[in-house]
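Me: I have a structure on the screen and a list of terms that I can repeat but not justify. Please take my questions in turn.

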Amino acid sequence: MIAFSQLADSIALPVVEVEAPALRSNLTGTRNEQWDSKKLNALSGNNLSELLQQESGVFIKSYGIGSSATVALRGGSAGHTAVLWNGLPLQSPMLGLLDFSLMPVSFLDKVDLQYGGNSSAWGSGAIGGVIALDNKLKEKTTSVEINSSAGSFGLLNNQLKAQYNFGKWTGITRLFQKSADNNFPYQIREDLPIINQSNAQFEQQGILQELYYLPTASRTGFGKGNQELSIRFWGQKTDRQIPPTSAQTRSLASQKDESLRGSIHWKSIQDKWIWNAKSGLFRESIHYQDTEYRIDALSYFWSALGEANAEYFISENQQLSFGVSHIWTFADIENYGTPPQQNRTALFGAFQQRLKDWTFQLNSRYELVDEQLIPTAPSLGIEKKINRRFLLRGKVSNNYRLPTFNDLYWNPGGNLDLLPESGWSQEIGVEIPPNPLKGGLAPESKAAGKVSSPWRSGGGLTLFNRNIKNWIYWTPADGKAFWTPRNLTKVWSRGIEVRVNLQKQIGELKGEISAGYDWVLSTNQIAVDRPDIEKGEQLWYVPKHQFFSNLNLKWRNIEFAYFHNYTGQVRSPNDNLLEDYHISNANLSYAFHWKQLQSRLFFATNNLWNTNYNIIEYRPMPGKNYELGLRLKFKKNKS
Amino acid sequence: MKQTFTLLAVAISFLAFGQTTASFESFNLPVDSFLNGIDGSGGFADGNVFLPNEYVADPMFPFWSGWSISATTDVTTSGFSNEFSAITGQGFNGSSTYATTFVLDESRIKLEGAAAGGTVEGMYVTNSTYAYLAMKNGYFIAKRFGGPTRDDPDYFLLTIKASLNGELSADSVNFYLADYRDADNSNDYIVDEWSYVDLSSLGNADELVFLLSSSDVGQFGMNTPAYFCIDEITTTDNGVSSNSKVNTNLGIKIFPNPTSDFAQIEWNHEAAPAQLFDINGKSIQSKMLIRGMNHLSVNDVPAGVYFLQVNHESGLATRKLIIE
């Protein structure tokens, strides 16, 4: 598994995990990308949707800066990505999705993007992929970090992170605040007047408090015989105006999103066992108001989650994992008659067998939703090392997405007879890690000074195929003035993902290019009247072609990064074609150190070529804009 | 039942028959109130017309479709919460009451009493505040007409057809509630006044059928709110007493129509006298129709709109004939 990230140590290196990836994650045979704290630090002012777009090239369905953003993985819908926070699912039970614009990168220590179906491990929604967000205690130090930046259209962005120790306890406190007027100018066509976006202000504030208790950990790290208790509290508030579309004269709408998330994890590593127990309590609310249309809608949900799992190392080549989880959710909005509750209990297990160059992993999950048993979701992943340079992999999985609370209980229209969306996915691929695997640009080469390295290259190619039946669409109810969701169609998604990575060092100049191209066909296989869908028609807002590239250059203390994205044409639900577009960002930074203070000054230009583009129909996006920022980190020497 | 005879309607109508106008004032609605069928009456009768209403008393989402009677005056509040108001804020000619329809697939008006089976002279039509403001400013998925560039050739079209004994007329009357199709954007308009729509060309009917279509249509159907308002529906009384049996399903066919020199009249009953009236009700020609094809020469008749009335033992039948 490769994290196609970063330029040597300057930005980040893939983190070497002390422990192997947990079997729980079910990564065998599938493609995944990871970003560690170093990379996340460099993008700490951004939100998760911006990180993923820039670093992975996945299609982000963003309604604009500060507005909601969802991710469409492998031609899936917004609800087809499971999002986990330290292993606990974060998607709203009401909408079945998560707004990625509300996830600050500065609150994350690791992001893992797992492509493909993974319901056998994570249950509902893991159809297009899984995004695992983790907080980790990397080392027991005392440090304070402040990042501040300001940018175009009133952007102010501040984050603070402080880590401190009391004996066996370590605390990490993170704060963030971000606001913008977002009143960017845009022009529909060259002969038309320039319009300033209106009603687009937003302000976000959040706190993440973590406490780690390591009663047995040695200074060298977390390993066998150790236990870890982690307690986390995440509170966040977002106030945002909802700007008008370019086909609206004005908007007086606004939305407040509030979330409170608490969790406790306990982990114990024994000789042959790893034990995990975690529980969480989440509350989220959305308050939508529109004075023009006299709308005042408050919705909220509570989720209580618990999970226990164990990993058992039977032998050097055999590993077993099993666990149980329970989720209780409660949600309310005026449109639900009686506020609904749901209880979901799942049993899951995994078995991994290694045979010479082969690795096999079998996963399965059984889930009971209230009284209803969801059909078993199994998966089989296989990997084979061809030689030092090639890894072949493949996976077959059965995946599902449960109807959301809105699908079931929305009044009018909610449909209690809905079946889960479900189906099989297959993928095969070849992985070529950058060579040589050691040396070259690795940290030790720094000592070598001005030595040039040979070209290093890596890459991968993946083919995937997926059929989902009982795809849910809202459609006008027969003879009624309202709509109702139905299991209307089948969707067939298939595609090719290509990734290439090149690295080179010439004297003190280090360079890296990573690039990716995705070709995705995601088509309805059953014609539907309303919505008006023909058989074989590509889903709305799923581009067939996507390309991205990242260029990173480092010379002494100066770094330059250039990002380029091409998004192909998409179709809107109004059957209009949105033109393809190219957008680019550039970032120049200068690092300087003084005693225990590390600092970095950066200047970023977004939408460098001032492209006039729309991701969503009628939703204008800002042209060229700037951000200037400073990062300061004070780290106390280990005592 | 109040009957109103308007001078205007008389001037442009077929004098051979009497007329009745439904103006909805008889409901005596207080200002800013409406009737949406919550009483389960199934509709509203006025003049010689009946406006059907379907009210579904869902405990969480009660909704109505078809017709409502409204005296609401709000011309500024956008959105669904102001669904009964006309953009004029009042009925035709300063009256307080009018009718608003929510078109779920189609809306219908039934012609009753003396009007049943006769022609409808016309009616006044305007936009609802809900649809008007949605077209003017955009509303959720409904676009502002003209689109971001103001150049989109948008339209919101009301199509009216006649139905007679369940058979829909081939002809229809089209009325643009909004029309942005002209290349010159200064000619774009959204109707914001009561506009007279002449329906006499639809011929005899026992029901009028109303359909809405819009250029702003997505995969989920029409994005423009499917509402409009009417007032002052003028129907003809067939020139006979209300207890006279009217049967207009006599299968008369006239072609070509329009014509300039002659028309063929297909008649499938025993012989019956027919008369051609001009628009003022003056008898122009008489002819005895026999079973089969009848030739009617109109060489000498000036161009205009005429009505052929057949007096059959089962009732009167009227067909419009246009002479060019």
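Me: What makes residues of chain B and chain A part of the contact, and how many does each chain give?
Reply: Two residues are in contact if their C-beta atoms, placed from the backbone, lie within 7 Å. By that rule the contact takes 27 residues from chain A and 21 residues from chain B. On the side of chain B that touches chain A, β5 (63–70) and α2 (129–137) each supply at least two residues. This is a predicted model, in which local features need pLDDT of at least 70 and side-chain atom pairs count only at pLDDT 80 or more, while totals for chains, interfaces and linings use all residues. Residues are numbered from 1 along each chain as its sequence is written, and chains are lettered from A and ligands numbered from 1 in the order in which they are written.

Me: How many residues on the side of chain B that touches chain A are nonpolar, polar and charged?
Reply: That side has 4 charged, 11 polar and 6 nonpolar residues. Asp, Glu, Lys and Arg count as charged, Ala, Val, Leu, Ile, Met, Phe, Trp, Tyr, Cys and Pro as nonpolar, and the others, Gly among them, as polar.

Me: Why is α2(B) called largely enclosed?
Reply: A residue is buried if 20 or more other C-beta atoms lie within 10 Å of its own, exposed if 12 or fewer, and partly exposed in between; C-beta atoms are placed from the backbone. In α2(B), 7 of the 9 residues are buried, so the helix is largely enclosed by the rest of the structure. They are T129(B), Y130(B), A131(B), Y132(B), L133(B), A134(B) and M135(B). These residues pack against β9 (155–164), β10 (167–179), β11 (189–190) and β16 (227–236) of chain B. After α2(B) comes G138(B), with a positive phi near 85°.

Me: What makes a stretch of chain B a helix or a strand, and how many of each does chain B have?
Reply: Helices (H or I, at least four residues) and strands (E, at least two) are DSSP runs, numbered from the N terminus. Chain B comes to 23 strands and 2 helices. Of its 324 residues, 44% are buried.

Me: Why is helix α3 of chain A called largely enclosed?
Reply: The helix covers residues 48–56, and 8 of its 9 residues are buried, so the rest of the structure largely encloses it. Among the buried ones are L48(A), L51(A) and L52(A). The buried residues of α3(A) pack against β1 (32–35), β2 (59–62), β3 (69–72), β6 (110–115) and β28 (558–567) of chain A. G57(A), which follows α3(A), has a positive phi near 75°.

Me: Why does L461(A) count as partly exposed?
Reply: L461(A) has 15 C-beta neighbours inside 10 Å, and therefore counts as partly exposed. This residue lies in strand β24 (residues 456–476) of chain A. Leaving out residues up to four places away in sequence, L461(A) touches G429(A), V430(A) and V498(A).

Me: How do you know that β4 and β7 of chain A pair, and in which sense?
Reply: Two strands pair if DSSP finds at least two bridges between them. Strand β4 (residues 81–85) and strand β7 (residues 129–134) of chain A have 5 bridges and pair in the parallel sense. One bridge partner in β7(A) is I131(A), which V83(A) faces. The open sheet of 5 strands runs β1-β6-β7-β4-β5 in chain A, with mixed pairing. Its edge strands are β1 and β5 (88–89) of chain A, each pairing on one side only.

Me: Which sense do the pairs of β31(A) take?
Reply: Strand β31 (residues 581–594) of chain A pairs with β28(A) in the antiparallel sense over 10 bridges. S589(A) is the bridge partner of E559(A) there. β31(A) is also joined antiparallel to strand β32 (residues 597–606) of chain A by 10 bridges. A586(A) stands opposite T605(A) of β32(A).

Me: What makes a set of residues a nonpolar core, and which residues touch the most other members in the largest?
Reply: A nonpolar core is a set of buried Ala, Val, Leu, Ile, Met, Phe, Trp, Tyr and Cys residues joined through C-beta atoms within 7 Å. The largest has 64 residues, of which L84(A), V111(A) and L133(A) touch the most other members. Another core, of 58 residues, lies apart from it and includes L35(B), W67(B), Y124(B) and L202(B).
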